[in-house]
Amino acid sequence: MGICDAVAVAKILNATLVIPHLEVNPVWQDSSSFMDIFDVDHFMNVLKDDIPIIKELPDEFSWSTREYYATAIRGTRIKRAPVHASANWYLENVFPVLQSNGIAAISPFSHRLSFDNLPSEIQQLRCKVNFKALVFVPHIRALGDALVHRLRYPPGQSQASSTDYLRETTDQNGKQNPQKFVVLHLRFDKV
């Protein structure tokens, strides 16, 4: 959701989006980057007519790092964005910083854009990001395909070996009856 919101806020502000930096999850200790998870070139290509996107900041803004913002209060960092802020909040509070400095860093950003009273084109852009622009890198897609295949066709029902499951033809899988399955997402929080 944060990535969909970041694209929407960039559109609202008529700003260039820098490929997002993902926070390390405190529970899973996952340090994967955006580029480790999503196909960045696809992301940029799908959204090229909506907003400009760059992979890294230009040299003139190379000072704008996580470390820079961690050491002191900075005029280019918007730290107190309300949860579910309106588009007007961004125009009133972030746009002036962006105009004055050429850059604005909004942190934290999760759940910082409202769903209510947004122009329909912004809501549509969010959907475009979520359903068209965000595509997993090939090895993550292959793992997902493998999991779904194993859930639908348990061992003994498929002639595929564990290494050839992605090479099975649709015709061969079509002869088998898919099994029902449920997926549970368990959340573990540190206490």
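# A tour outward from Arg 126

Select Arg 126 first: with a relative accessibility of 4%, this residue counts as buried, a word that here means under 20% relative accessible area, with exposed meaning over 50% and partly exposed in between (1.4 Å probe, protein chains only). The model is a predicted one, in which local features need pLDDT of at least 70 and side-chain atom pairs count only at pLDDT 80 or more, while totals for chains, interfaces and linings use all residues. Residues are numbered from 1 along each chain as its sequence is written, and side-chain values use heavy atoms, with hydrogens and water left out.

**The whole chain**

Before zooming in, colour the protein by secondary structure, where nine helices and four strands can be picked out; helices (H or I, at least four residues) and strands (E, at least two) are DSSP runs, numbered from the N terminus. Read from the N terminus on, the elements follow the order α-β-α-α-β-α-β-α-α-β-α-α-α. Of the 191 residues in the protein, 31% are buried. Among contacts (heavy atoms within 4.5 Å) with a separation of 6 or more, 67% are between residues 24 or more positions apart.

**Arg 126 and its neighbours**

Return to Arg 126, which is found in helix α7, and display what surrounds its side chain. Leaving aside residues up to four places away in sequence, Arg 126 touches Cys 4, Asp 5, Ala 8, Leu 113, Ser 114, Phe 115 and Leu 118. Of these, Phe 115 deserves a closer view, since Arg 126 lies over the face of its ring, at 4.1 Å from the ring centre; a charge sits over a ring if NZ of Lys or CZ of Arg is within 6 Å of the ring centre and within 35 degrees of the ring normal. For another arrangement of this kind, select Arg 74, which lies over the face of Tyr 68, at 3.8 Å from the ring centre.

Next select Leu 118, which is placed in the loop between β4 (105-106) and α7 and, at 12% relative accessibility, counts as buried. Not counting residues up to four places away in sequence, Leu 118 touches Ile 12, Ala 87, Leu 113, Gln 123 and Arg 126. Draw a distance from Leu 118 to Ala 87: although these two are 31 residues apart in sequence, their C-alpha atoms are 6.7 Å apart in space.

**The cysteines**

Cys 4, another of the residues that Arg 126 touches, is buried at 4% relative accessibility, whereas Cys 127 is partly exposed at 43%. Why is the sulfur of Cys 4 not bonded to that of Cys 127? The sulfur of Cys 127 is the closest cysteine sulfur to that of Cys 4, but it lies 8.1 Å away, too far for a bond, given that a disulfide is a pair of cysteine sulfur atoms within 2.5 Å. A search of the whole structure finds zero disulfides.

**Helix α3 and the aromatic rings**

Now select helix α3 (residues 40-47), whose buried residues are Val 40, Phe 43, Met 44, Val 46 and Leu 47. They span an arc of only 165° around the axis and so lie on the same side of α3, the arc being that of the directions from the helix axis to the C-beta atoms. Show α1 (2-13), β1 (17-18), α2 (34-37), β2 (53-54) and α7 (120-133) as well, because the buried residues of α3 pack against these elements.

From Phe 43, extend the selection to Phe 34, Phe 38 and Phe 136, which together with Phe 43 form one aromatic cluster. Rings of Phe, Tyr and Trp (its six-membered ring) pair if their centres lie within 6.5 Å, with planes under 30 degrees apart counted as stacked, over 60 as edge-to-face and the rest as tilted. By this rule there are seven aromatic pairs. In one of them, the ring centres of Phe 34 and Phe 38 are 5.1 Å apart and the planes are at 45°, so this pair is tilted. Trp 89 and Tyr 90 form an edge-to-face pair, 5.1 Å centre to centre with 85° between the planes. Trp 89 is buried, with a relative accessible area of 18%, and Tyr 90 is also buried, at 0% relative accessibility.

**Two loop residues to finish**

Which residue in the loop between α1 and β1 should be selected? It is Asn 14, an exposed residue at 74% relative accessibility, whose phi is near 55°, a positive value in a residue other than glycine. End at His 84, in the loop between β3 (77-78) and α5 (87-93), which is partly exposed at 44% relative accessibility and has a positive phi near 60°.
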